[in-house]
Amino acid sequence: MAASPRAFVPRHTHLGPVPGLEAIRLYLADDVLPLWHAVQVETGDPDAALPYWACAWAGGLAIGRYLSENPEVVAGRRVFDLASGSGLCAIAALHAGAAESTGADIDAFAAAAIEMNARANGRRVTIVHRDVLDQEPPAVDVILAGDCFYEVNLTGRVLPWLQRARDRSIEVLVGDPGRRYLPTDELVELASYDVRTTTQLEDLEFKQGRVYTLRR
Ligand SMILES: C[S@@+](CC[C@H](N)C(=O)[O-])C[C@H]1O[C@@H](n2cnc3c(N)ncnc32)[C@H](O)[C@@H]1O
């Protein structure tokens, strides 16, 4: 593991506005593949995870847009951002008036990025750096899940966890651009946005990012 993910993040990214959510600034990568290589070198791990934290993903961008248009969803409420990455959704929730916001991610670089991005936006996000999906959902009012359905195994764990949260009367928002494993039968669409992604890993620069809640 890197001596300091906090030093690594600003060294390999640039702080700049998020396309379509210009009030939010994030440390984002100019080019993800060289950054991925740098992560592999820094960690000494050729199987190191992609630096998801250095991009604003289409699902998170859609949630950010939705919260800027519908701040009442989170205003004054406790928000938990699952698979937070850069912390985009957690920060967008605070911009929209959330009382408190937590970002959870399993990646140590993401944990550092969330903290640094929150600070760059004059916000404070509580960071949970562990896998919470085998635990009960937290005691919050709203859970945000931006771009979580890109892997079959993750989908198989995220969906029942979000459904447990819904059954406890936690409001759940999913943001997604139509990833392969998106469980559309379990979702109700709330809004759709053209979002400009910041990653070269996508097939299109502009994507249709949709926001959903869980079907009852
Ligand atoms: C595609 S990124 C989405 C990031 C952010 N929500 C956005 O929309 O920009 C997916 C994130 O999920 C995280 N992740 C994967 N498995 C996880 C798990 N079990 N618990 C929490 N985060 C997880 C990854 O580390 C990565 O940062």
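**Helices, a hairpin and a buried aspartate**

At the start of helix H5, the backbone nitrogen of Phe 109 lies within 2.7 Å of a side-chain oxygen of Asp 107. The model in which this contact appears is a predicted one, and helix H5 is a convenient place to begin reading it.

Helix H5 covers residues 108-120, which makes 13 residues. At 1.5 Å a residue, a helix of this length should span 18 Å, and the C-alpha atoms at the two ends of H5 are 18 Å apart, so the expected and the computed values agree. Most of the helix is covered, since ten of its 13 residues are buried. Among them are Phe 109, Ile 114, Met 116 and Asn 117, together with several alanines, including Ala 108 and Ala 118. The elements that cover these buried residues include three helices, H1 (5-12), H2 (32-43) and H4 (88-95), and three strands, E2 (21-28), E4 (100-104) and E5 (126-128). After H5 comes Gly 122, which has a positive phi, near 65°.

Strand E2, one of the elements that cover H5, also belongs to a hairpin. Strand E1, residues 14-18, pairs with E2 in the antiparallel sense, over five bridges. One of the bridges joins Val 18 to Leu 21 in E2. Two residues lie between the strands of this hairpin, and Gly 20 has a positive phi near 85°.

A second helix, H6, can be examined in the manner of H5. Its 16 residues, 152-167, should span 22 Å at 1.5 Å a residue; the end C-alpha atoms are 23 Å apart, which agrees. The buried residues of H6 include Leu 154, Val 158, Leu 159, Trp 161 and Leu 162, and also Thr 155, Gln 163 and Arg 166. Strands E3, E6 (142-146), E7 (171-176) and E9 (206-214) are among the elements that cover them. Just after the helix, Ser 169 adopts a positive phi of about 70°.

Strand E3, which helps to cover H6, consists of residues 78-82 and contains Asp 81. What is the nearest side chain of opposite charge to Asp 81? It is that of Arg 123, which is 13 Å away; Asp 81 is buried and has no salt bridge. A salt bridge requires a distance within 4 Å, so Arg 123 does not form one with Asp 81. The side chain of Asp 81 does, however, make a polar contact of 2.6 Å with the side chain of Ser 84. Farther along the sequence, Asp 81 touches several residues, including Gly 87, Cys 89, Ala 90, Thr 102 and Leu 144.

Key: Residues numbered from 1 in each chain as written. Predicted model: local features only at pLDDT ≥ 70, side-chain atom pairs only at ≥ 80, totals over all residues. Heavy atoms only, no water. Helix = DSSP H or I, 4+ residues; strand = E, 2+ residues; numbered from the N terminus. Buried < 20%, exposed > 50% of the residue type's maximum accessible area, 1.4 Å probe, protein only. Lys, Arg positive; Asp, Glu negative; His and termini not counted. Polar contact = N/O pair within 3.5 Å; in protein donor to acceptor, adjacent residues only side chain to side chain. Contact = heavy atoms within 4.5 Å. Expected span 1.5 Å × (residues − 1). Pairing = 2+ DSSP bridges. Lists of a residue's contacts leave out its neighbours within four places in sequence.
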